[in-house]
Amino acid sequence: MKRIMFTGIMPALLSPVNEDGSIREKPLRRLVRDLSGTGITGFYLCGATGEGIAMAPERRMELAEIVKDEAPAEMKLINHVGAGDLATVRRLARHSRETGLDGISSVPPFFFNYDERGIIDYYRAMSDESAGLPMLIYASPLSGPLLPVSTVEKMLDIPGFIGMKFTNPNYYLLSRYKKIGGGDINIINGPDETCLLGLLMGADGAIGSTYNVMPRLFVELYGHVKAGRIAEARALQMKADDLIELMLGSDVISCCKLMLDQRGYNVGETNAPMKRLTAGQKAAFLAALDQMGGVDAFV
Ligand code: MN9
């Protein structure tokens with residue numbers, strides 16, 4: 001069990017930014033502080049939800065430092081350090097170690113076609129630079145096909161490699177990855193809309209966008225699963241999915257940010273050039289949300 005280091009519910013933290021990409025420090029601190037009191041176990045920084053790929057490395061480092069400063073010591077902090085150039089990846093991996101974060105993660109190298117050796121070399125460089133911080137692959141639909149189980153098996157040799165954040169609806173495959181290393185591999189569920197399935201098929205925890213806006217619901221769901229109360233867990237999943245369905249029809253990150261703004265967090269818009277909602281789309285989302293009981297019906 002030495003590789004299973006991250007469990008429980010962890011928001012993929014939203015990144016509050018200004019128009020020029022600079023960090024909104026006050027809203028960020030408040031969000032980290034408030035979420036930390038909900039039963040979550042940590043945060044995943046600068047992934048897809050955290051918009052890391054659309055942020056300058058300096059901003060990503062600044063965000064990591066602020067979160068480290070604000071989060072209670074028991075919160076586990078995993079930093080997504082993936083980028084298109086290895087120099088940035090190395091820089092962010094080294095900075096994660098220097099900042100005292102608990103783990104690093106990355107999508108496999110993307111955009112160009114990489115072979116298995118290139119992929120393994122990428123993760124090895126990340127690991128070397130962070131002096132072996134616990135490291136998770138991020139298997140994301142945004143960054144190409146899933147790595148074969150046999151490739152992930154080879155990564156067991158890399159110091160620090162512990163597992164993967166699996167954002168994919170194929171839970172048969174999740175269970176196959178979970179067999180690697182005799183089960184001593186840290187598999188984290190990605191899709192929030194099927195969090196329950198991920199946990200039932202072997203995930204040790206869950207990282208996701210919508211845990212920024214309904215952390216307590218998912219912490220309760222996780223507790224039900226661990227206690228074998230599947231009907232109760234399913235009822236909560238179905239409730240969450242009414243909201244997630246609405247978000248998926250629009251834009252998940254923008255809708256989460258809008259909900260936080262409704263609660264007074266002032267997190268602002270996404271980083272350009274990412275998708276944003278028009279005033280009409282925002283009004284439609286909020287009207288539909290009201291029909292479902294309003295922003296505080298989901299916590
Ligand atoms: O893995 C997130 N996936 C992506 C985390 O951002 C691609 C999820 O939390 C989804 O945003 C969520 C909605 O589909 O499940």
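**Ligand, pocket and cavity**

Mentor: Pro273 lies in the loop between α10 and α11 (279-291); helices here are DSSP runs of H or I with at least four residues, and strands are E runs of at least two. A cis peptide bond joins Ala272 to Pro273, with omega at about 5°. Heads-up: this is a predicted model, where local features need pLDDT of at least 70 and side-chain atom pairs 80 or more, while totals for chains, interfaces and linings use all residues. Numbering starts from 1 along each chain as its sequence is written, and side-chain values use heavy atoms, without hydrogens or water.

Trainee: What makes Cys46 worth a mention, going by its phi?

Mentor: Phi of Cys46 is near 55°, a positive value in a residue that isn't glycine. You'll find Cys46 in the loop between β2 (42-45) and α2 (57-70).

Trainee: Which residues are closest to the ligand?

Mentor: Lys165, Thr167, Asp192, Glu193 and Ser209, out of 13 that surround the ligand. To count, a residue needs a heavy atom within 4 Å. That shell holds five nonpolar, five polar and three charged residues, with Asp, Glu, Lys and Arg taken as charged and Gly among the polar ones.

Trainee: Why is the pair between Glu193 and the ligand called a polar contact?

Mentor: The cut-off is a pair of N or O atoms within 3.5 Å. A side-chain N or O atom of Glu193 is 2.5 Å from a ligand oxygen, so the pair qualifies. Ser209 passes too, because a polar side-chain atom there lies 2.6 Å from an oxygen of the ligand. Gly190 uses a backbone N or O atom, 3.5 Å from a ligand oxygen. As for cover, the protein takes 87% of the 390 Å² of accessible area the ligand has on its own (Shrake-Rupley, 1.4 Å probe).

Trainee: Where does the ligand sit?

Mentor: In the largest pocket, which means that more than half of its atoms lie within 2 Å of the pocket's grid points. A pocket is an open set of points on a 1 Å grid with protein on both sides within 12 Å along at least five of seven lines. This one has about 940 Å³ of space. It is lined by 42 residues, and those closest to its centre are Ala48, Tyr138, Ser140, Pro141 and Leu142. β5 (135-139), β8 (205-208), α9 (230-248) and α10 (252-262) each supply at least two lining residues.

Trainee: What makes a cavity something else?

Mentor: In a cavity a 1.4 Å probe fits but cannot get out; lining residues have an atom within 4 Å of a point. The search finds one cavity of 30 Å³ or more. The largest cavity is about 50 Å³, and its lining includes Pro108, Ile137 and Leu147. That lining has six nonpolar, three polar and no charged residues.

Methods:
A polar contact is a pair of N or O atoms within 3.5 Å; within protein, one must be able to donate a hydrogen and the other to accept it, and residues adjacent in sequence count only if both atoms are side-chain atoms. Grid points are joined across faces, edges and corners, and a volume is the space filled by probe spheres set on the points.
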